[in-house]
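Here's a walk through one protein chain, from the inside out. Have the model open and follow along.

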Amino acid sequence: MAKVYVFDHPLIQHKLTYIRDINTGTKEFRELVDEVATLMAFEITRELPLQEIEIETPVNKTTSKVLAGKKLGVVPILRAGLGMVDGILKLIPAAKVGHIGLYRDPETLKPVEYYVKLPSDIQERELIVVDPMLATGGSAIEAINSLKKRGAQHIQFMCLIAAPEGVEALKEAHPDVDIYIAALDEKLNDHGYIVPGLGDAGDRLFGTK
């Protein structure tokens, strides 16, 4: 079954407070999301395998550890997921980036895929799907469906804020995908917004309404 990790790191919680604040402007909001994504990437990569190599320091030869060559990929769900990509790449600059675009059908309210562009070797990569919000879980579930249809086997999901309903839906749909969250909020309201949440992450990142 999928594991759910809620980060309690003081720096993440501190920055998340200002991300939530209605008085935080677009520039600062964007910078804070970027910073929290970096901090979360530090935690999410904790289990990456290592191998020993021999190097020479200015003093003598020694063995030291490097990453064991596992290929990584970051897949933002458009458009809000874009706000988290650069923060992750600061720590993992060699990761490749794919994109999945989804919109909500106004009739069925189900997510519909409109754009997918992925690295050609995603089946070999450890993929981190990113979106600031996990509300109903519909977009995350559909994005991961898209990846699995194209051969992806190793997938994790990372978001800033989640509602319990979305976490349960994602766990049920994809029990093999671990979920990494900066904050697990109270609930969804009648309009499908996370409470207390942070509003519409895409609008706040890009200054739109």
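What follows is a tour of the cores, one helix, one strand residue, the salt bridges, a surface patch and two unusual peptide bonds.

First, a caveat: this is a predicted model. UniProt, in an unreviewed entry, places the feature "domain: Phosphoribosyltransferase" at residues 6–208. Over residues 6–208 the chain is 33% helix and 32% strand, and the C-alpha atoms at the two ends of that stretch sit 29 Å apart.

**The cores**

Let's start in the middle. In soluble globular proteins, nonpolar side chains tend to be buried together. Here the largest nonpolar core has 37 residues, and the members touching the most other members are I19, M40, I88, M158, L160 and I161. Plenty of elements chip in at least two residues each: the helices α1 (10–20), α2 (26–44), α3 (82–91) and α6 (201–206), along with the strands β4 (72–78), β8 (126–130), β10 (154–162) and β11 (178–184). Which element gives the most to this core? That would be α2, with 8 residues.

There's also a second, separate core, made of 23 residues. I122, V129, I141 and V177 are among them.

**Helix α3 and what covers it**

I88 is a good spot to zoom in on. Setting aside residues up to four places away in sequence, I88 touches A37, T38, A41, V74, V130 and M158. It's one of the buried residues of α3, which are G83, M84, V85, G87 and I88. An α-helix has 3.6 residues a turn, so residues three or four places apart point the same way. For α3, the cover over the buried residues includes α2, β4, β5 (96–97), β8, β10 and α6.

**F157 in strand β10**

Now hop over to F157, which lies in strand β10. Is F157 buried or exposed? It counts as buried, because its relative accessibility is 0%. Leaving out neighbours within four places in sequence, F157 is in contact with I77, V129, D131, L134, A140, L170, V177, D178, I179 and Y180. F157 and I44 are 113 residues apart in sequence, yet their C-alpha atoms are 9.7 Å apart in space.

**Salt bridges**

On to the charged side chains. The count comes to 13 salt bridges, and three of the pairs are listed here with their N to O distances.

| Pair | N to O distance |
|---|---|
| E35 and K15 | 2.8 Å |
| D185 and R20 | 2.7 Å |
| E43 and R46 | 3.1 Å |

The E35–K15 pair links distant parts of the chain, with E35 in helix α2 and K15 in helix α1, 20 residues apart. The two partners fall into separate burial classes: E35 is partly exposed because its relative accessible area is 32%, while K15, at 18%, is buried.

How far apart in sequence are the parts that D185 and R20 tie together? They are 165 residues apart, since D185 lies in the loop between β11 and β12 (187–188) and R20 in helix α1. D185 counts as buried at 9% relative accessibility, whereas R20 is partly exposed at 24%.

In the E43–R46 pair, R46 counts as exposed because its relative accessibility is 52%. Elsewhere, K71, D121, E124 and R125 are linked in a network of salt bridges.

**A nonpolar patch outside**

Not everything nonpolar is tucked away. V4, V6 and L184 make a nonpolar surface patch of about 220 Å². V4 lies in strand β1 (residues 4–6) and counts as partly exposed because its relative accessibility is 33%.

E168, from helix α5 (residues 164–173), comes into the picture here too. The C-alpha atoms of E168 and V4 are separated by 10.0 Å, though the two are 164 residues apart along the chain. E168 counts as partly exposed as well, at 46% relative accessibility.

**Two cis peptide bonds**

Last stop: the backbone. Most residues other than glycine have a negative phi, and most peptide bonds are trans. Where do cis bonds turn up here? One runs from L78 to R79, with omega near 5°, and R79 sits in the loop between β4 and α3. Another joins V195 and P196, where omega is about 0°. P196 has its place in the loop between β13 (194–195) and α6.

Technical notes:
Residues numbered from 1 in each chain as written. Predicted model: local features only at pLDDT ≥ 70, side-chain atom pairs only at ≥ 80, totals over all residues. Heavy atoms only, no water. Core = buried A, V, L, I, M, F, W, Y, C linked by side-chain atoms within 4.5 Å. Buried < 20%, exposed > 50% of the residue type's maximum accessible area, 1.4 Å probe, protein only. Helix = DSSP H or I, 4+ residues; strand = E, 2+ residues; numbered from the N terminus. Contact = heavy atoms within 4.5 Å. Patch = residues over 30% accessible without salt bridge, like charges linked within 9 Å, V, L, I, M, F, W, Y side chains within 5 Å. Areas by Shrake-Rupley, 256 points an atom, 1.4 Å probe, with all protein chains shown as cover. Salt bridge = Lys/Arg side-chain N within 4 Å of Asp/Glu carboxyl O. UniProt positions renumbered as here; feature names shortened; annotations may be inferred.
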